[in-house]
Amino acid sequence: MKRLDELRKNIDAIDDEILHLLNKRAEYVIEVGKIKQKSNRPLYVPSREKAIYDRLVKKNPGPFPPNALRSVFREIISASLSLEEVQKISYLGPEGTFTHLAGIKHFGLSSKMISARSIPEVFEDVEKKRADYGVIPIENSLEGVVNHTLDMFMDSDLNICGEIFIEVNHNLMNKSGVFEDIKRIYSHPHAIAQCRNWLNNNVPHIQVFEVESTAKAAEMAAKDSSAAAIGSEMAEIVYSLKVVHRGIEDFANNFTRFLIIGDVKPEKTGNDKTSLVFSVTHEAGSLYSALKAFADSDINMTKIESRPSKLKTWEYVFYVDIDGHISDPMIKKAIDSFAWNVSFFKILGSYPKGEK
């Protein structure tokens, strides 16, 4: 017991030191905020935040786990930013969705999360300065892209400022935590599709209903003791539900990618991604000629999607992600060559790559 008491005293002393250093750090943050306000510079800088994480993870000798280190400093940074100004984040709601979880994962609990009813409303919140940034889903590793998000970029002047990856884990939840109480199951169509095998094998006798979000399903389950919801851990917490079965998704390594939108242009970090949209003329080889500019510069293209342009019948626009930052000399050179081979193009943003 004497040894245990001694160890606890040592831990208390370290906690006191951490508390002192956190307040010392906060004093510097306040000074930085004053300088930024005078020069009208944004308070949140994605490249700076990433540099902090990367430096600390690289220097970390252990045994403190790297992922936990990121979580701790995310909250430190979030709380520090709130000393300057609380960051307002619009997200595709309602509360308890995976988009809500993505926003908290990136911006921390000290930010103010604003639930929007639709993807256009998230864009509008940021454009009209009701929010500093927006968080919207762009694609799922199993279900594919969110077309509505792609379409919004055609008419918006907002930039992609970052990306967030959330591993999709679905839980079956209800008020009691008792399986026998479940008479109906609710969830979003994508969540139901991602759990189809489990549902067929384990609850073939229970009717499953589609609703507009996993959060809506959780809200319904919270009000009806005979209902259950398929949703995230966040929905479980927000709506005070109990897990009946955890991890009922059919496939592991199921990730959803979210984009952060805003009116800032992140600086180069050395591990960046650039997104752009373009269209080509109806001529043989026009798409090949456009994309060849990236291949000739040895630039890796990680994604390409086509969408109807909605301006002309049978005319399409292409959305592309490439590795690198727009300020990289090779990217600049490739873009200049690329521009000669397309009828229209627009840079959507160069931003730090997200951590999976």
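# A chat about helices, loops and hollows

Visitor: Hi! Is Lys-129 buried or exposed?

Guide: Lys-129 is exposed, because its relative accessible area is 56%, and the cut-off for exposed is over 50%. Keep in mind as we go that this is a predicted model.

Visitor: Thanks! Where does Lys-129 lie?

Guide: You will find Lys-129 in the loop between α5 (119-127) and β3 (133-140).

Visitor: And what is the phi of Lys-129?

Guide: About 65°, a positive phi, although Lys-129 is not a glycine. Ser-240 also has a positive phi, near 55°, and is a residue other than glycine.

Visitor: Where is Ser-240 found, and is Ser-240 buried or exposed?

Guide: Ser-240 belongs to the loop between α10 (233-238) and β10 (242-245). Ser-240 counts as exposed because its relative accessibility is 60%.

Visitor: Let's switch to peptide bonds. Which residue does a cis peptide bond join to Pro-63?

Guide: That partner is Gly-62, and omega of the cis bond is about 10°. Pro-63 itself sits in the loop between α2 and α3 (66-84). There is another cis peptide bond between Gly-93 and Pro-94, with omega at about 5°. For Pro-94, look in the loop between β1 (88-92) and α4 (98-107).

Visitor: You mentioned α2. How many residues does helix α2 have?

Guide: Helix α2 has 14 residues, 46-59. From its first C-alpha to its last α2 reaches 20 Å, close to the 20 Å expected at 1.5 Å a residue.

Visitor: Which residues of α2 are buried?

Guide: The buried ones are Pro-46, Ser-47, Glu-49, Lys-50, Ile-52, Tyr-53 and Leu-56.

Visitor: Lys-50 caught my eye. Why does Lys-50 count as buried?

Guide: Because its relative accessibility is 8%, while buried means under 20%.

Visitor: What does Lys-50 touch?

Guide: Leaving out residues up to four places away in sequence, Lys-50 touches Thr-269, Asn-271, Pro-352, Lys-353 and Glu-355.

Visitor: What about Lys-58, buried or exposed?

Guide: Lys-58 is found in helix α2 too, and Lys-58 is exposed, because its relative accessible area is 76%. If you want a distance to try in the viewer, the C-alpha atoms of Lys-58 and Pro-266 are separated by 22 Å, and these two residues are 208 residues apart along the chain.

Visitor: On to another helix. Which residues of α12 are buried?

Guide: In helix α12, residues 329-339, the buried residues include Ile-331, Ala-334, Ile-335 and Phe-338. These four cover an arc of only 100° around the axis, so they are on the same side of α12.

Visitor: Which residues are exposed on the other side of α12?

Guide: There you have Pro-329, Lys-333 and Asp-336.

Visitor: And what do the buried residues of α12 pack against?

Guide: They pack against β12, α11 (286-296), β14 and β15.

Visitor: Now for the hollows! How many cavities of 30 Å³ or more are in the whole structure?

Guide: A search of the whole structure finds three. The largest cavity has a volume of about 130 Å³. It is lined by 15 residues, and the closest to its centre are Ile-138, Leu-150, Ser-275, Tyr-319 and Asp-321.

Visitor: Which elements give two or more residues to the lining of the largest cavity?

Guide: They are β11 (255-262), β12 (272-279), β13 (301-308), β14 (316-323) and β15 (344-352). The most comes from β14, with three residues. By class, the lining of the largest cavity has ten nonpolar, one polar and four charged residues.

Visitor: And how much space lies in the largest pocket?

Guide: About 980 Å³. Its lining has 36 residues, with Arg-74, Lys-105, Phe-165, Ile-166 and Glu-355 nearest the centre of the largest pocket.

Visitor: Which elements give two or more residues to that lining?

Guide: For the largest pocket these are α2, α3, α4, β5 (159-167), α10 and β11. With seven residues, β5 gives the most to the lining of the largest pocket.

Visitor: Last one: how many residues of the lining of the largest pocket are charged?

Guide: There are 13 charged residues, alongside 15 nonpolar and eight polar ones.

Notes. Residues numbered from 1 in each chain as written. Predicted model: local features only at pLDDT ≥ 70, side-chain atom pairs only at ≥ 80, totals over all residues. Heavy atoms only, no water. Expected span 1.5 Å × (residues − 1). Buried < 20%, exposed > 50% of the residue type's maximum accessible area, 1.4 Å probe, protein only. 1 Å grid on protein atoms, 1.4 Å probe; cavity = no way out; pocket = protein on both sides within 12 Å on 5 of 7 lines; lining within 4 Å. Points joined across faces, edges and corners; volume = space filled by probe spheres on them. Nonpolar A, V, L, I, M, F, W, Y, C, P; charged D, E, K, R; others polar. Arc of directions from axis to C-beta. Contact = heavy atoms within 4.5 Å.
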